[in-house]
Protein chains: 2
Amino acid sequence: MGVTLKDVARRAGVSIKTVSNVVHGYEHVTVEMRQRVNKALEELNYQPNLPARYLRQGHVSIVALAIPFLTNPYFSDIGKAVVSAANARAYTVLIDSTDGERAKEMMVINGMYPHLIDGVILSPLALEAEDLLSRRVDVPIVLLGERLFNVPYDHVVIDNVAAARLATSHLISLGRTRIAAIGAQEISAGDTARLRLQGYREALTEAGLAYNPDLVTRSLSYDRIDGIQSMHQLLASGTPPDAVFCFNDLLALGALRALYEAGYRVPEDVAVVGIDDIKESAFSMPSLTTIAPNKQEIGDLAVAFLLDRIAKTYTGQPRQTQASFELIVRESTAGRAASPQQTSPIVPRPE
Amino acid sequence: MGVTLKDVARRAGVSIKTVSNVVHGYEHVTVEMRQRVNKALEELNYQPNLPARYLRQGHVSIVALAIPFLTNPYFSDIGKAVVSAANARAYTVLIDSTDGERAKEMMVINGMYPHLIDGVILSPLALEAEDLLSRRVDVPIVLLGERLFNVPYDHVVIDNVAAARLATSHLISLGRTRIAAIGAQEISAGDTARLRLQGYREALTEAGLAYNPDLVTRSLSYDRIDGIQSMHQLLASGTPPDAVFCFNDLLALGALRALYEAGYRVPEDVAVVGIDDIKESAFSMPSLTTIAPNKQEIGDLAVAFLLDRIAKTYTGQPRQTQASFELIVRESTAGRAASPQQTSPIVPRPE
């Protein structure tokens, strides 16, 4: 207790402002100054008193990111992007995983950590609109993803219908006609599946291909094992598809594995496309063609929205923004390439 | 401000003790009681005052887990295990990623969040022993992994020498004699590489095989791309190896990809083993034989050590414990199986 920025400034022989700049991670400090201050901070064992800082400044420079699953690579990629965006603004991010459970998501929105965090970026899976509408805590929240469009919070999404249409149109452009979809869900389970199914259907219609419900499988969750099961189901059902659009990369990687086990060639017999562009997809055998949401843009937008709310530099109506995405063509539709790094981004058509 | 457990108890018509049990997530509360309390909590907009709780109880029931990389699946698996172990003890876990940078690891050990968290589980990559020895903050810390053995903190590890010996011996048992190692590092870079190299060498010696430095490649980092580069290097160097032990699964998955690109069959031409048992390894083509550390045991042990220190139920000398591990044999050494789920755990020999 008791070591102040003033003590550190005296020890380092610099101004309090300089110490403050170093402590808050601002970049316009010379290396020499930074070293002197860090040395003094260490010698004096300076510890920022966060509750006091909160009382003084009204914020603690910490935000929380609540994601459903730590072990889903898409969400850890989003985590990395949010951390990077927040660090660039001198904010620390602490990550909470909710397992997609309503009780844990309720804890997040009802501010279990008042005075400990300045705001929350939340990717909800289980919350209903009424949960958020009945919230009376005023810690700012920014939402990610395809749920809860009708609540008064800033929201960062991608255009899932357009993304799914792009993925499906790519398969159609290869001359495929029996295009399956893996990842449909009961309407109650979530909007992501509904929107991606809509985009898939729109692309079929646009190409004059009939919608065939026998080519659409349902998945309760979106893991590799669900992709394996769905692909087995499609292969067992008489005429197998000649292409598959999977509603995320993990499903697609499972589908690739099922096709490998069953002796089908990819893409010769069945072409496969996913969504997410997780790192694994660039290295799988074959590497996976996928829709890549711009995850850094998602992180940047979410952090910018949240910090505006924290600093009250924006106090207007809730904003909703779409991050960009692109199609990354790899071996699972284009055939064998020399290296998984050889990819060609295709920018979606303007709407 | 202002809504107390007493207010909530009055509103719900239950005892303060029952409200407290619900708020703290204890399980011995009937569903009906829980619903009544939750309703009252919501109606009154109760927010736990954590700094006040800290002053009253001496703890806030939140611990931090600091890992180097969110996007390394081994660390997200460890994160999931720690969250699960902590939740079972009614603790919340917030996750901080350090990028393996010394400055961020210093922030973690010097308690950037006093009064906000009760303790830290840290997997360090860059800290030196002196950083921890000069620490004067008394927030409890438990260390994970193969660095910093000589500091006075509780520590959960696996026996890396034995793990590497088991992996290498498995390749030897298949009759392979030109066994490469991918993942060696300069001694200064870390103890994990040193210990795994030692186990590899011990297994060779035990089998009467000569150590050949040409079969050992160095990697600055342990990503898939490093595995690809190392495998290319081994394949370009005259006689290729007939087996490879990779010091983690991501390196091994990269090696599989490089072998696929170069037209080698796995395991017929080159057998491959990794360490970590990340989920991807059960589904790769071929699926990957690997050493599986018992990650839930690592999480359980780390949380138990930390909670003992927080509650002061253990105040003795620092404890170091080894979590168990096993060899999971899959297609990359055993050849094609019908399904990636068909695996046979092999328990390591007792020392």
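**Cavities**

I looked for enclosed space and found six cavities of 30 Å³ or more in the structure. My cavity is a set of points, on a 1 Å grid over the protein atoms alone, where a 1.4 Å probe fits but cannot get out, and lining residues have an atom within 4 Å of a point. I join grid points across faces, edges and corners, and take a volume as the space filled by probe spheres set on the points.

Before going on, a note to self: this is a predicted model, where local features need pLDDT of at least 70, side-chain atom pairs count only at pLDDT 80 or more, and totals for chains, interfaces and linings use all residues. Residues are numbered from 1 along each chain as its sequence is written, chains are lettered from A and ligands numbered from 1 in the order in which they are written, and side-chain values use heavy atoms, leaving out hydrogens and water.

The largest cavity holds about 200 Å³. I counted 18 residues in its lining, with Pro73(A), Ser76(A), Thr71(B), Pro73(B) and Arg224(B) nearest the centre. Helix H5 (73-88) of chain A and helix H5 (73-88) of chain B each give at least two residues to this lining; helices here are DSSP runs of H or I, at least four residues, numbered from the N terminus. By class, I get five nonpolar, five polar and eight charged lining residues (Ala, Val, Leu, Ile, Met, Phe, Trp, Tyr, Cys and Pro are nonpolar, Asp, Glu, Lys and Arg charged, and the others, Gly among them, polar).

Next came the second largest cavity, at about 120 Å³. Leu253, Glu280, Phe283, Ser284 and Met285 of chain A line it, along with Leu253, Glu280, Phe283, Ser284 and Met285 of chain B. That lining splits into six nonpolar, two polar and two charged residues.

**Helix pairs**

In chain A, I checked H8 (residues 160-173) against H9 (residues 191-206): their axes come within 7 Å and cross at roughly 40°. The axes are lines fitted to C-alpha atoms over the stretch in contact (heavy atoms within 4.5 Å), with angles from 0 to 180 degrees between N-to-C directions. H8(A) and H9(A) are therefore oblique to each other (under 35 degrees is roughly parallel, over 145 roughly antiparallel, 65 to 115 roughly perpendicular, the rest oblique).

In chain B, I found H1 (residues 5-12) and H3 (residues 31-44) packed at about 120°, with axes 9 Å apart. This makes H1(B) oblique to H3(B). Asp7(B), Val8(B), Arg11(B) and Ala12(B) of H1(B) meet Arg36(B), Val37(B), Ala40(B), Leu41(B), Glu43(B) and Leu44(B) of H3(B). I noted six nonpolar, no polar and four charged residues there.

Key:
On a 1 Å grid over the protein atoms alone, a cavity is a set of points where a 1.4 Å probe fits but cannot get out, and a pocket is an open set with protein on both sides within 12 Å along at least five of seven lines; lining residues have an atom within 4 Å of a point.
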